[in-house]
Structures are given as C-alpha cells and as structure tokens.
Amino acid sequence: MGRVTERRKVVRIRDGVVSSRPDTLVTEEPLEIRLNGKPLAITMRTPGDDFALAVGFLVSEGVLAAASDLRNVVYCAGATADGVNTYNVVDVQTAPGVRIPDITLERNVYTTSSCGLCGKASLDAVRTTTRHPIADSPPLLVTPELLAGLPDRLRASQRVFDRTGGLHAAALFDEEGELLDVREDVGRHNAVDKLVGRALQGGNLPLSRTVLMVSGRASFELAQKAVMAGIPLLAAVSAPSSLAVDLAAETGLTLVGFLRGTSMNVYAGEDRIALRAAAPQG
C-alpha cells in the first residue's frame, strides 16, 4: 500500500547559499472507486483510510445513509494487467435492497485533489436530496469563543502536515468543542469524505450535534457533504463560495468563513451562534 509521505531530493536556496537535501513530500496517488463492481469515479488522494474515503464519497452521492446500507468494502485484487494489487482500486458493495443511481457518463467522473467532483452536467445534478436533513433539536448553539479555538486545535492535530506542509485537514468537534475525529488528505473533499465514511462505518450518522472544521475555503461541495451527513455547522479558515452560501441558506446549514483568531464571518444560520449585541454608541 502507498505510504502517506515520500522522500525526494531538493535543491535548497537560502540567502544565496545553495545546498542539496532530502525533503518529505505528501504522497498523492489515484484511487478508483467502484460501486458493486462498476467503475464510478477516480480521485487523487493521500493513501490511508481508503475504505472510509470511498464510503464517505457515496454518502455525499446519496447512495449510502446508514451502516446497514453497506455490505463490504474491498481492494480489488489484480488491479493491473499483470495481476498486481496496487491498493488503488476500491469496490464498495451495498447491502441488498439499496437503490443504486444510474451510473452514466455524467456520474463517471474524474475528481481532482483541489476541486472535488467536477464535470457534472448541471447544478441540479449535485443538489442531491439528503436522507439526513439538518435536524438538530434542540438547535446546536456555540459561542464565537468556542469557534475561535477550533483552527488552532485542528492545526495541532495535523501530524503529517508538520512533516510536509502539504495537506488539508477536516475535523469533527462536538458542541462543547471536544475533538471527535480528524483526517488529513491532499484534497479537502477527501478529508471530509474520510470523516463521514468513518462515521457511517461506526453507525454515527447523522452527525447532528457536531461542527465540521476545514482548512482552506468552503466550497459548494464541502457544504453539500456537510448537509448530506446531517452536520449543522461548517466552519472554514478561508472564504466560502457563493453557491456554498446559497446551499447553506436553503438547507439550514450554519456556514462560517474567515475563521481566524477571534474574527469570523457568519454567512448563513447565525441562529446557532450565541451572539452578544453590540454596545450602543455614545
């Protein structure tokens, strides 16, 4: 199986001084995801938690919603012409009775580590109806102070990032700010899929009392993955996209962006943030 990191020679230039040294890089390899033996998608990912990644991907695609929907996940033996198992092809086998969507050219897509699922025919094609509508009752309520501490806690848990500087991360926190799980990957969407997949495998969907914290920006796809898993609050250290904000407003997702220090922007669902009214002027 591929390793999480690899060593490569690098020419280092510091203040005009040239030297040669080995450098630690994050591994990036393709993973083909098959559904009941049929090719579905290829993603560029960091090896590790491949089964959870594939399962989480299928949650976001509306195929899986509970552990009972999943029969098995296996690496495909003889994945190459010479019969060698590369550990880069995963087959997800669903339980009897699970409805499978049509696997068309629209669905059989290539996903990259930077943008996630690309090439779908229309916006409607990715607005999959969730089987876990956001239903945190009583509503999740967190303070700005709790949110302000999450980026540092996420960063402190990124073990591979410390060695490479080249990984994104996603973490789940409970409403008290306790870290539940964290995953790293070369792609933000893969890190979230790994979290969601592990939650499904553990019988913990929907994630209705959790906060999802992601490094980087909050794209439409990450907002969709949160909604599909029943997560009520998504926070990111960078900007959201306009479609992510639209989706959050439509589905009741709380979306926080530019979460840096004690500053943040709340783009939707501010009712889950315990806000203090500003002091009157004068």
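**View A. Glu-221 and Lys-225 join side chains in a salt bridge, with N and O 3.7 Å apart.** (A salt bridge here is a side-chain nitrogen of Lys or Arg within 4 Å of a carboxyl oxygen of Asp or Glu.) This is a predicted model, where local features need pLDDT of at least 70 and side-chain atom pairs count only at pLDDT 80 or more, while totals for chains, interfaces and linings use all residues. Residues are numbered from 1 along each chain as its sequence is written, and side-chain values use heavy atoms, with hydrogens and water left out. Both partners sit in helix α7 (residues 220–228), and because Glu-221 and Lys-225 are four residues apart there, about one helical turn separates them. (Helices are DSSP runs of H or I with at least four residues, strands are runs of E with at least two, and both are numbered from the N terminus.) Glu-221 and Lys-225 are both buried. (Buried means under 20% relative accessible area, exposed over 50%, and partly exposed in between, using a 1.4 Å probe and protein chains only.)

**View B. Asp-181 and Arg-198 make a salt bridge between their side chains, at 2.7 Å from N to O.** Asp-181 belongs to strand β10 (residues 179–185) and Arg-198 to helix α6, so this pair ties together parts that are 17 residues apart in sequence. Asp-181 is the buried partner, as its relative accessible area is 13%. Arg-198 comes out as partly exposed, at 33% relative accessibility. For the whole model, the salt-bridge count comes to 13.

**View C. Asp-185 pairs with Lys-194 in a salt bridge whose closest N and O atoms are 2.7 Å apart.** Nothing of Asp-185 shows up as accessible in relative terms: the value is 0%, so Asp-185 counts as buried. Lys-194 is buried too, given its 2% relative accessibility.

**View D. Helix α6 is mostly covered, with twelve of its 14 residues buried.** Among the buried residues of α6 are Arg-188, His-189 and Asn-190 at one stretch of the list, and Ala-199 and Leu-200 at another. The charged residues Asp-193 and Lys-194 are on that buried list as well. How does the length of the helix check out? At 1.5 Å a residue, the 14 residues of α6 (residues 188–201) should span 20 Å, and the end C-alpha atoms are indeed 20 Å apart, so the two agree. (The expected span is 1.5 Å times one less than the number of residues.) Just after α6, Gly-203 takes a positive phi of about 70°.

**View E. Phe-51, Tyr-75 and Tyr-87 gather into one aromatic cluster.** The count of aromatic pairs comes to two. (Rings of Phe, Tyr and Trp, the last by its six-membered ring, pair if their centres lie within 6.5 Å; planes under 30 degrees apart are stacked, over 60 edge-to-face, and the rest tilted.) Phe-51 and Tyr-75 make a tilted pair, at 4.8 Å centre to centre with 45° between the planes. Phe-51 is in helix α1 (residues 50–60) and Tyr-75 in strand β5 (residues 70–75), so the pair links parts that are 24 residues apart in sequence. Phe-51 is partly exposed, with a relative accessible area of 26%, whereas Tyr-75 is buried at 19%. Tyr-75 also pairs with Tyr-87: the ring centres are 5.0 Å apart and the planes stand at 80°, so this one is edge-to-face. Tyr-87 lies in the loop between β5 and β6 (89–94), so its pairing with Tyr-75 of strand β5 ties together parts that are twelve residues apart in sequence. Tyr-87 is partly exposed, at 32% relative accessibility.

**View F. Arg-45 has a side-chain polar contact with the side chain of Asn-88, at 2.7 Å.** (A polar contact is a pair of N or O atoms within 3.5 Å; within protein, one must be able to donate a hydrogen and the other to accept it, and residues adjacent in sequence count only if both atoms are side-chain atoms.) A polar atom of the Arg-45 side chain also lies 2.9 Å from the backbone oxygen of Pro-30. Arg-45 is part of strand β4 (residues 38–45). Buried or exposed, where does Arg-45 fall? Arg-45 is buried, with a relative accessible area of 0%.
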